[in-house]
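Welcome! Take a moment to look over the sequence and turn the model around before reading on. We will start with the strands and then visit the pockets.

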Amino acid sequence: PAIPSDWAKTGNWGTYDFKDDIWGKVLYGDLASPYTNNANSTVTSAAYNLSGASEVDMGFYAVCDTEYILDGWHDYMALEVSSDGTSFTEIMKWDEAFLDDDLIENNNTNGKAVLYLTPTIPTNYFTSNFEFRLRWVTDGDTNKGTNGEGCNVDDILITKYTLGSSELYEYKDGTSMAAPHVAGLAALIWSYNSSKTYSQVKSIILSTGDAKASLNGKTVSGKR
């Protein structure tokens with residue numbers, strides 16, 4: 001259950017290994033299940049050099065199974081940032097209701113909600129001693145969602161952009177990236193032959209490309 005060796009924590013923060021290809025090891029705000037009441041604990045990162053940046057983005061998966069509240073904050077996790085490693089400021093927070101994109105299920109029957117969060121770091125934190133920390137807060141209520149797993153995060157990424165550098169591009173994946181690639185391919189096909197119908201363009205896309213064994217059963221065509 002250890003946290004990264006150069007991080008510091010209070011409370012019951014720790015890692016949990018799901019031992020699968022999807023999540024693997026994740027960082028929980030409270031390893032107890034169900035999570036404990038009246039918590040207010042943090043885990044703090046090592047220092048990162050953000051000086052000279054033109055933009056800094058963070059990204060991470062956030063998962064919550066908490067009390068489902070739509071009119072305030074009861075049990076939640078927050079992201080705080082610091083320019084000196086001493087004074088921290090909260091820039092966002094989330095719970096199960098926040099992560100539940102459509103807010104259709106407001107009776108907590110789903111058990112947990114997952115969302116990829118992408119906060120932008122304010123420019124006044126672009127220092128050589130930038131740190132971030134995650135805060136886990138709970139109240140005294142006994143209602144803790146379906147299983148009371150609390151909140152965890154995974155795949156934390158900090159991307160520093162510098163004007164004129166090679167870091168103006170970054171790698172992304174998922175349907176949000178696949179959809180524009182396919183749309184662009186369709187546009188190229190129509191620019192070559194505008195008489196093609198929608199069905200013909202779709203057929204061309206699905207029937208061509210490089211067959212990849214790793215895509216079998218994952219995409220319709222199994223091709224790149």
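How many bridges join strand E2 to strand E3? There are four, and the two strands, residues 14–17 and residues 25–28, run antiparallel. Please keep in mind as you look that this is a predicted model.

**Strands side by side**

To find one of the contacts between E2 and E3, look for Tyr16: its bridge partner in E3 is Val26. E3 is also joined to strand E10, residues 150–161, by two bridges, and this pair runs antiparallel. Here you can pick out Tyr28, whose bridge partner in E10 is Asn152.

Now turn to another group of strands. Five of them form an open sheet with antiparallel pairing, in the order E1-E4-E9-E6-E7. Which strands sit at the edges of this sheet? They are E1 (8–9) and E7 (89–94), each of which pairs on one side only. At the E1 edge, two bridges link E1 to E4 (residues 40–44), and the two run antiparallel. Lys9 is a good place to start, as its bridge partner in E4 is Val43. While you are tracing strands, here is a handy rule: in a regular strand, side chains alternate between the two faces of the sheet.

**Two pockets**

Next, let us explore the open spaces. The largest pocket has a volume of about 730 Å³. It is lined by 24 residues, and those closest to its centre are Ala178, Val182, Ile205, Ser221 and Lys223. Helices H2 (175–192) and H3 (198–207) each supply at least two residues of this lining. H2 gives the most, with seven residues.

The second largest pocket holds about 420 Å³ of space. Among its 16 lining residues, Tyr61, Tyr116, Thr118, Lys172 and Asp173 are the closest to the centre. Strands E5 (55–65), E8 (113–117) and E10 each supply at least two residues of the lining. The largest share, four residues, comes from E5. You have already met E10, the strand joined to E3 by two bridges.

What kinds of residues make up each lining? The table sets them out.

| Pocket | Nonpolar | Polar | Charged |
|---|---|---|---|
| Largest pocket | twelve residues | six residues | six residues |
| Second largest pocket | seven residues | four residues | five residues |

To finish, try finding H2 in the lining of the largest pocket and E5 in the lining of the second largest pocket.

Methods. Residues numbered from 1 in each chain as written. Predicted model: local features only at pLDDT ≥ 70, side-chain atom pairs only at ≥ 80, totals over all residues. Heavy atoms only, no water. Pairing = 2+ DSSP bridges. 1 Å grid on protein atoms, 1.4 Å probe; cavity = no way out; pocket = protein on both sides within 12 Å on 5 of 7 lines; lining within 4 Å. Points joined across faces, edges and corners; volume = space filled by probe spheres on them. Nonpolar A, V, L, I, M, F, W, Y, C, P; charged D, E, K, R; others polar.
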